[in-house]
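Biologist: Could you walk me through one part of this model in close-up? I'd like to hear about the largest pocket and whatever sits around it.

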Amino acid sequence: PIDLIKAKKEKRLFFKIYKDLREIHYKKVYDLQGLLKSALVSRLIGNEVIGYENPREKIASVFYDEKVKSVKEYAIERYMELFGFEDKEYLINHPK
């Protein structure tokens, strides 16, 4: 977890967090939260950021390379849709 509130108060911590995040690189990052903070962190660590077409905070979509439309009611169904995973039976019947 990243303590951005503490980082706002301590400039050295902010720059350390920023530097640490810039060293991490992923091909794809999925923003499940749809918040400005999560979108910004996703952009810092990912080459391609995928999020919802209508995120909880609208400004977050500025950081997305790909936007997925979701009308599902339950979070797990929205997550599956975002990942492009449509086989619900797999999740139900998959051994733990």
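Modeller: One bit of vocabulary before we start: helices here are DSSP runs of H or I with at least four residues, numbered from the N terminus. Keep in mind too that this is a predicted model.

Now the pocket itself. The largest one has a volume of about 240 Å³. Three helices, α1 (4–9), α2 (11–22) and α3, each put at least two residues into its lining. Helix α3 gives the largest share, with five residues. If you want to click through the lining on your screen, go for Leu-4, Lys-8, Phe-14, Ile-17, Tyr-18, Leu-21, Leu-36, Lys-37, Leu-40, Val-41 and Leu-44. By character, that lining splits into nine nonpolar residues and two charged ones, with no polar residue in the set. Tyr counts as nonpolar in this scheme, so don't be thrown by Tyr-18 being on the list.

Let's stay with α3 for a moment. Ser-42 also has its place in this helix. Is Ser-42 buried or exposed? Its relative accessible area is 6%, and Ser-42 is buried because that value falls under the 20% cut-off. As for what its side chain is doing, the side chain of Ser-42 reaches the backbone oxygen of Ser-38 at 2.7 Å.

Next, how α3 fits into the chain. Strand β1 (residues 26–30) and strand β2 (residues 46–52) run parallel, joined by four bridges. To get from β1 to β2, the chain passes through helix α3 (residues 36–45), and this β-α-β crossover is right-handed. If you'd like a spot to look at on the strands, Val-29 stands opposite Val-49 in β2. So the helix that gives the pocket lining its largest share is also the one that the chain takes between these two parallel strands.

For a sense of scale, pick Leu-40 from the lining and look across to Lys-88. Those two are 48 residues apart in sequence and 30 Å apart in space, C-alpha to C-alpha. Lys-88 is found in helix α5 (residues 88–93). Lys-88 counts as partly exposed because its relative accessible area is 40%, between the 20% and 50% cut-offs.

On your way along the chain to Lys-88, have a look at helix α4 (residues 75–83), whose buried residues are Glu-77, Met-80 and Leu-82. Just after α4 comes Gly-84, which takes a positive phi of about 75 degrees.

Technical notes
Residues are numbered from 1 along each chain as its sequence is written. This is a predicted model: local features need pLDDT of at least 70, side-chain atom pairs count only at pLDDT 80 or more; totals for chains, interfaces and linings use all residues. Side-chain values use heavy atoms; hydrogens and water are left out. Two strands pair if DSSP finds at least two bridges between them. A crossover is right-handed if, with the strands pointing away from the viewer, the path from the first strand over the helix to the second runs clockwise. On a 1 Å grid over the protein atoms alone, a cavity is a set of points where a 1.4 Å probe fits but cannot get out, and a pocket is an open set with protein on both sides within 12 Å along at least five of seven lines; lining residues have an atom within 4 Å of a point. Grid points are joined across faces, edges and corners, and a volume is the space filled by probe spheres set on the points. Buried means under 20% relative accessible area, exposed over 50%, partly exposed in between (1.4 Å probe, protein chains only). A polar contact is a pair of N or O atoms within 3.5 Å; within protein, one must be able to donate a hydrogen and the other to accept it, and residues adjacent in sequence count only if both atoms are side-chain atoms.
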